[in-house]
Each structure stands twice: as C-alpha cells, then as structure tokens.
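Please find below a short note for your consideration. It is set out as numbered points.

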Amino acid sequence: MTVIERFAAFAAEIDPQPEAVAAGKLCLLDWMGAAIAGSQEAPATMLRRAFPGDGPARLVPDGEGRDPRTAALINATASHIVEVDDIYRSGLYHPGVVTIPAALALCEAEGRSGTDLLRAIIAGYEVSNRIARAVNPAHYEYWHTTATVGHFGAAAAACSALGLDAGKTAHALATATTFAAGLRHAFSSDAMSKPLHAGRAAEGGVAAALMAREGVTGVADMLEGPRGFGMALARDVDWDGPMADLGTHWTICETTPKAYACCGHNFAALDAIGELMQEHDLDSSGIAEIRIASYRAALEICGNPDPRSAAEGRFSLPWCAAVMASQGSVTPDAFTPDALADPVLHALAARVVLELDEEAEARFPNARSATVTITLTDGREFERYRPTRKGDPDDPMSADDLRKKFLALTRPVLGETPSEALADHLFTIERIANLHKIPVGQA
C-alpha cells in the first residue's frame, strides 16, 4: 500500500478512543472561539461580500448559509486571523483552522451528528499531524505547513464527513496533494495572505472529497513518489515513522491551544516574562532591558522591532514582550490602532534584545523554549528559562482554561448568554443528532 492508501484506510474506518474524543471536543471549542473572533475582521468580512450565496453549510457566527466549499473557505480564514488557533508543535502546523471548518461544512450539509463531526475532526488531525511531522522542519523553510499539509487534514475530515470508503478517500487525498501550496513569505508583511492559506486549504480539502465522491481519481503515490510531495517540498522524509502508531496513539491529544493572541513562536518568552513580572512584583516602567534568547524561527519570523499594524504586531516578539511586561497578557486588544500608537509600549519594545540560543535551536521543533533576562534601571537582573510553552503537552491548559478563553473571545461578538450557551453545546456535542440543532454562534 502507498502512504496515502494507508492513511485513507485509517480515515475511512476510524474508531477513536475516548481520550481522542475528549480532545476533539476541546479542539472544536477552541476553534469556534477563534472563528467567532476572526469573523469580525478582514479578510473574512471581505470574503462574505466576494462570495455571496446560500446553502446548507453555515457561516460563523450568524448562521448565513453557503455551499460547503465557500463555508469552509470563509470560516477557515476567519479562524486564522487573530492568531488564537491551535498548534501541533512537532509539525509546525495549525490543524484546527483547516480540519474543523471542512468537517463542519460537510457534516452540516449532510445532516450529520455531533459524533460524526468529532470523528471527522479526529481523522483530519491524525492524518495531517503525521504528514506535518514527517516533512518538517525542512518543509517550513519555505512553505507554510498550514497551507500545504492543511489540505490533507481538510480532505481526510471531509471524506469522513461524507462517509467515503478507503478507495475514494485515497483519491481525495491524492488530489489534495497536488492542490497543496502556500509560501511562508506571506508572513513577511501585513498583507492578508496568511489567513487565506487556511481558507484555501479547507476549501481544497472539501473540493477534493466532493470530487472523489463522484469518481475523480488521483495518483496513489503522490506523497512518496519520485516527484511527489516529499521529494519536492521537503528532504529525506521518513514516511514509515509517522505511520507506526496510527490508530493506537492519538496526536490530537498533543494539541497546543494558544494562551496568547499572537504567533506561537513568541510564547515561551511571554510565559517567562509573565512569571518574572508576577513573582518579583516588577513594574514595567522600571525595565531597562528585556533580553530574549530563543530558537532561530522565533527570531526570524517574529523579529520585527517596530510593528505598525495588527498583523505586524502579532509577529513581533519585541512588541508582544512589551505588552506582556506592561499588561500581564497579550490579548487581541494589544493590536488595536490605539494600542499600536502607544509611545510607551514602543519605547519598551525598543529595549527588547533578541539573540539566538543554540540549545533552544537544537530542541526545535519538538520543544519551544526561551531564556528571558529582565534588567531594571536600578541594576537588578532577573532570569527565567522556559523549556516549553503554556498549552504545550508538557504544560497543558485545562478545560476550564479553554472555556475562559472561549468566553473572552466570543462575548464581545455574541454577548454573555449566547456565549455561555454555545460553550455548553460544544462541550456536549456528541449528544447532538443533527448539527443544525445547535447555533453556530448567535442564539
């Protein structure tokens, strides 16, 4: 069997264990919060106007109908805008923003149950997480994993939602392979390309599954073939390793939900800053310097010292460090026009020094670490090494943490009562016989 055929057989017959189902519900809750928050922002608002219509799949949060491909495109894009979406650390990948909107769109269109939705989500995570782990970190040098590998997560989830057999699922995955694209250069400005990567991957996976249902075929060895995905977009890929525990070990249980509304490469440093500020009762006005030593990707992707837009700010470790030291967290409010015009925050960000830590680099991507040294104007120094991030599998967030995060993201859009009601629905999604019985947002 080819690699795609093995993944397809798993996805078509998936029987997730209880721990995977429990993790899937938390991923769904976390994704919905990100999608509701992002639905109010460009480019999601623009896509609604660009692609009007009606259909059986609903947009978050107001329930406007669209065809499944368009719903997946818009909802996925929305969920990747404000940078609060989940992470699969070992794969340098955001699985939720591509897998869940694809699964949701087709489960709604097909009248599926909450249990069907969870099964589709888990199938998408398990297939795509393993592909992401296999091709990285080399793939990430040029390619945005969420855009590329995201096609596999969306396709596997979509096939499960449609109830396709292993043969048709394999054809969908093969077709999705040749759709897969998305360059990491999209991170380099405040253009809107990055969230569109998630949207196109979700849409592509839905399209591949719908095509396969009608008999469209794909090349079976598109992953490992001599001119396939692995050879073209990575180096020395071991396809057997990620397959070894397929169906017995559930990578969805290793999902990292974000604790802050910014790029995850910032997080270990932000955790350390927060701990130092609280432990020593520090005041940001007395900080002379914040020195951050971390791995190369954190410095290259998040090194902007003077961000002037929300997109730039979310990918600026100096800015986010200044916000963390001043405010104790990094929420979406840190990237409003008023916040980004604050001269005090810009002055503190200018006192952040970044440097490469070779030990952190050696542990990347399987660990995201940083060492922070805060020097005060009176000469005192405080140092903290953070070997991992809050939310990573070795320092997990609880279900209660995730509910609080969800409510903080959704209350400004939905209000208190609808936010609470939606959280309750999502925590008990397996009891829902038809997904149209629950509100996707506003009650």
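The points below concern a predicted model and take up two helices, their packing, and one loop glycine.

1. Helix α8 covers residues 150–162, which makes 13 residues. At 1.5 Å a residue, the expected span is 18 Å, and the end C-alpha atoms of α8 are 18 Å apart, so the two values agree.

2. As to its surroundings, α8 is mostly covered, with 13 of its 13 residues buried. Just after α8 comes Gly-163, whose phi is positive, at about 70 degrees.

3. Helix α1 (residues 3–12) packs against helix α9 (residues 166–179) with an axis separation of 8 Å and an angle of about 125 degrees. The pair is therefore oblique, since an angle that falls neither under 35, nor over 145, nor within 65 to 115 degrees is assigned to that class. The crossing of α1 past α9 is right-handed.

4. On the α1 side, the contact comprises Ile-4, Glu-5, Phe-7, Ala-8, Ala-9, Ala-11 and Ala-12; on the α9 side it comprises Ala-166, Thr-169, Ala-170, Leu-173, Ala-174 and Thr-177. By residue class, this contact between α1 and α9 contains 10 nonpolar, 2 polar and 1 charged.

5. Gly-391 is placed in the loop that runs between β6 (381–386) and α20 (399–414). Is Gly-391 buried or exposed? Its relative accessible area is 2%, which is under the 20% cut-off, so Gly-391 counts as buried.

6. Leaving aside residues up to four places away in sequence, Gly-391 touches Thr-255, Thr-256, Pro-257, Pro-396 and Met-397. Between the C-alpha atoms of Gly-391 and Ile-131 the separation is 22 Å, and these residues are 260 residues apart along the chain.

Methods
Residues are numbered from 1 along each chain as its sequence is written. This is a predicted model: local features need pLDDT of at least 70, side-chain atom pairs count only at pLDDT 80 or more; totals for chains, interfaces and linings use all residues. Side-chain values use heavy atoms; hydrogens and water are left out. Helices (H or I, at least four residues) and strands (E, at least two) are DSSP runs, numbered from the N terminus. The expected span of a helix is 1.5 Å times one less than its number of residues. Buried means under 20% relative accessible area, exposed over 50%, partly exposed in between (1.4 Å probe, protein chains only). Contact means heavy atoms within 4.5 Å. Axes are lines fitted to C-alpha atoms, for helices over the stretch in contact, and angles run from 0 to 180 degrees between N-to-C directions. A crossing is left-handed if the near helix is turned anticlockwise from the far one by less than a right angle, and right-handed if clockwise. Ala, Val, Leu, Ile, Met, Phe, Trp, Tyr, Cys and Pro count as nonpolar, Asp, Glu, Lys and Arg as charged, and the others, Gly among them, as polar.
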